[in-house]
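Reader: I have a chain in front of me and some terms I do not yet trust. Could we take them one at a time?

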Amino acid sequence: MHNIAYSRLGDLQKSFSLYRKVPWWDHILEPDSDFVFRWHRIFLVTCLIALFVDPLYFYLPFIGAPGCMQFNLGLGIVVTFFRTIVDLFSMFHMLMKFRTAFVAPNSRVFGRGDLVKDPTAIAMRYLKKDFVIDLAATLPLPQIVIWFVLPALKNPTATHANHTLALIVLIQYAPRLFVIFPLNRRINKTTGSIAKTAWAGAAYNLLLYLLASHIIGAAWYVASIQRQDECWKIECRKEMNTTHSPSCKPFFLDCDSLNEPERKAWLRITHVLTKCDALNDDKNFQFGMFADAFTAEVASTNFIEKYFYCLWFGLKSLSSYGQNLATSTSSGEILFSILICSMGLVLFSHLIGQVQGYLQSTSARLEEWRVKRRDTEEWMRHRQLPIHLQDRVRRFVQYKWIATRGVDEESILRSLPLDLRRQIQRHLSLALVRRVPFFAQMDAQLLDAICERLVQSLNTKDTFITREGDPVNEMLFIIRGQLESSTTNGGRSGFFNSITLRPGDFCGEELLTWALVPSPSISLPSSTRTVKSLTEVEAFALRAEDLKFVASQFKRLHSKKLQHAFRYYSHQWRTWGSCFIQAAWRRYVKRKLAMELARQEELYYATMMDQEYSHGSEMEGEEGGGGGGGGGTSGTKNTTKKKSPHLGITMLASKFAANTRRGLHQKSLALVSDVSSLKMPKLFKPEEPDFSAFRDHS
């Protein structure tokens, strides 16, 4: 029981330790995290700044007065300040490497591999691999030399300080330069390129070239100062062996001795300045490629002018591969010239290649389109296409380039995962699809399935998208532009119906009727309308197989609500409805006209009968009055004889009226038929799909 309690207590302690907040210095960073990625970019900029700052130490010595050299203390303070900040960044980068996980080499068989997050393993790997180089690049050696070593010397001179500082900077410059290469490679491996855009990449490579020119210019300047100091020392040693009084001393060449009376006296009688003057025609000393530093008074001017002149010299030397350099016979100067020539050849070729590659990447699509357009023109000339077809082909190629810029969107989307592709398609087309009223009735799941299968369709002006009687292989949902949809009801004479489709409308609805049938035929339905583009049209197309898949997978598409919405917004159904109402109205007008004619005929003949009957009665009354003197029997017989002719006349009049009514009725029917012959023939109602699994044969 005690063991179980202790084990449960241990589990609770472990669980609490998981929820305990870990200090930031104990965190293990993943090499592909966003923080590490951003830090690598920041540290790359810091390394470039370090490569720029270090050569500035070469500008500290300058010609302070005739025959002496001194240090620029103000420039030294500024350079040391920036160098210290850069060193702090380098130190932080070293600490980060102790807390950055790495991928185990034996786990890279498949995928990204397994991360090693053990602090001990990370530290041991870093100590064995990159620690020494990073430490050598991070040590503040120039600061130590300038502010601690040189002041501790008994007799420090500007010459000694110049040599020592230049040597330290050159030694430490190698590891600082080496740190950039693995960092650059790691960024390229993570993101594919240093710069996100082509112009940024070209600017980055140009910046590296200018950085190399900056380094060459600074090295040329410090070498020029050393060459001047070398000449002074040679001539000074010559005067020490002569009887000049006072004799030349080495500390005279330092500007700290400017106020010494002995140096002032020596300066009045010495020939060191005249023999070490680069402008002197008597070439006692060969300055070689460093003469410009003294003929242009670069060594004694202010820092800004000095820096830009040296930068220009380095850029000119690298760009011309050192062909403008006039060297002396000095082996060090010749080696320096060879280095400049080699660096110029490599760096300039690299700059041209990289900039050309970046700039070509911006115009690669355009050049590809130009080649394709040229091939299209040659093909049309070879096939001798008519002028109007050539114009249509040119318009389509131009319109497709404007709409897509040569990018194959379908291939890009196919290369992405399904979920990401669905979200992108939803983002691109959902708002446009919802503009179609028929799609506005659908739920989100059905819209996602439709958006995933929509493809872009581009059509130029006067393009026949489909013709009446052709198979329908896609539904088209208009986003921009206008289409003309017309029908002749299978070519029937006297029938023509035309409508204009605008953004939000669709065509090819016969395909939806075909897709909703449970067991559709293999052959696609025939189009009942001819669709032609009136302007340039951008639309989404839903292919037959995709629509059939959506209809089979999502039963929501079979709902009565969507079917009614489809019939309401379908122009085919609207045309049928208008023709049906028109035919019903004309049948009603026909019946009403016939009834009106019949009523008028009946009234007319009834009036005629009444008039005939009243006329007969009057004649009978007159005859009865004329024979009133006869007997009663004879009067009755005469009356009977006179009635029988009136009855025959009445029957004949009735037959005549009936025949006349029949003739007038036929004439009215003929008139109505003539009027009805001017109307459009009846457009048969589109076939409604059977949404049940089995048909009702009752």
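**Terms set against values**

Author: This is a predicted model. Strand 6 and strand 11 (residues 530–533) run antiparallel and are joined by two bridges.

Reader: What makes strand 6 and strand 11 a pair?

Author: Pairing requires at least two bridges between the strands. Strand 6 and strand 11 have two bridges, so they count as a pair. At one point in this pairing, Thr-466 has Val-531 of strand 11 as its bridge partner.

Reader: Which sheet holds these strands, and why is strand 6 called an edge strand?

Author: The sheet is open and has four strands in the order 6-11-8-9, with antiparallel pairing. Strand 6 (464–466) and strand 9 (497–501) are its edge strands, as each pairs on one side only. From one strand to the next, the twist averages 25°.

Reader: Where are the edges of the sheet with the order 5-12-7-10?

Author: That sheet is also open, with four strands and antiparallel pairing. Its edges are strand 5 (455–459) and strand 10 (506–507), each with pairing on one side only.

Reader: How do you know that strand 7 and strand 12 pair?

Author: The requirement is at least two bridges. Strand 7 (residues 474–480) and strand 12 (residues 537–543) have six, in the antiparallel sense, so the pair qualifies. Glu-474 stands opposite Arg-543 of strand 12.

Reader: What lies across strand 5 and strand 12?

Author: Helix 14 (residues 387–404) does, running at about 140° to strand 5.

Reader: What makes strand 1 and strand 2 a pair, and which residue between them has a positive phi?

Author: Strand 1 (residues 61–65) and strand 2 (residues 68–71) run antiparallel and share four bridges. At least two are needed, so these strands pair. Phe-62 stands opposite Gln-70 in strand 2. The two strands form a hairpin with two residues between them, and Gly-67 takes a positive phi near 80°.

Reader: Why is the contact of Asp-54 and Arg-176 called a salt bridge?

Author: The term asks for a side-chain nitrogen of Lys or Arg within 4 Å of a carboxyl oxygen of Asp or Glu. Here the distance from N to O is 3.2 Å, so the pair meets the cut-off. Asp-54 is in the loop between helix 2 (34–53) and strand 1, while Arg-176 is in helix 7 (residues 158–191), so to speak 122 residues apart along the chain. The structure holds 17 salt bridges.

Reader: Which residues make the nonpolar surface patch?

Author: Ile-42, Val-78, Phe-81, Phe-82, Ile-85 and Phe-89 make it, over about 520 Å². Helix 3 (residues 73–97) gives the largest share, five residues. Phe-82 is in this helix.

Reader: Which residues does UniProt list as "transmembrane region", and what form does the chain take over 204–223?

Author: The unreviewed UniProt entry lists 42–63, 69–89, 131–153, 165–183 and 204–223. Over residues 204–223 the chain is 100% helix and 0% strand, with its end C-alpha atoms 29 Å apart. Over residues 42–63 the chain is 55% helix and 14% strand, and the end C-alpha atoms are 38 Å apart.

Terms used. Residues numbered from 1 in each chain as written. Predicted model: local features only at pLDDT ≥ 70, side-chain atom pairs only at ≥ 80, totals over all residues. Heavy atoms only, no water. Contact = heavy atoms within 4.5 Å. Axes fitted to C-alpha atoms, helices over the stretch in contact; angles between N-to-C directions. UniProt positions renumbered as here; feature names shortened; annotations may be inferred. Patch = residues over 30% accessible without salt bridge, like charges linked within 9 Å, V, L, I, M, F, W, Y side chains within 5 Å. Areas by Shrake-Rupley, 256 points an atom, 1.4 Å probe, with all protein chains shown as cover.
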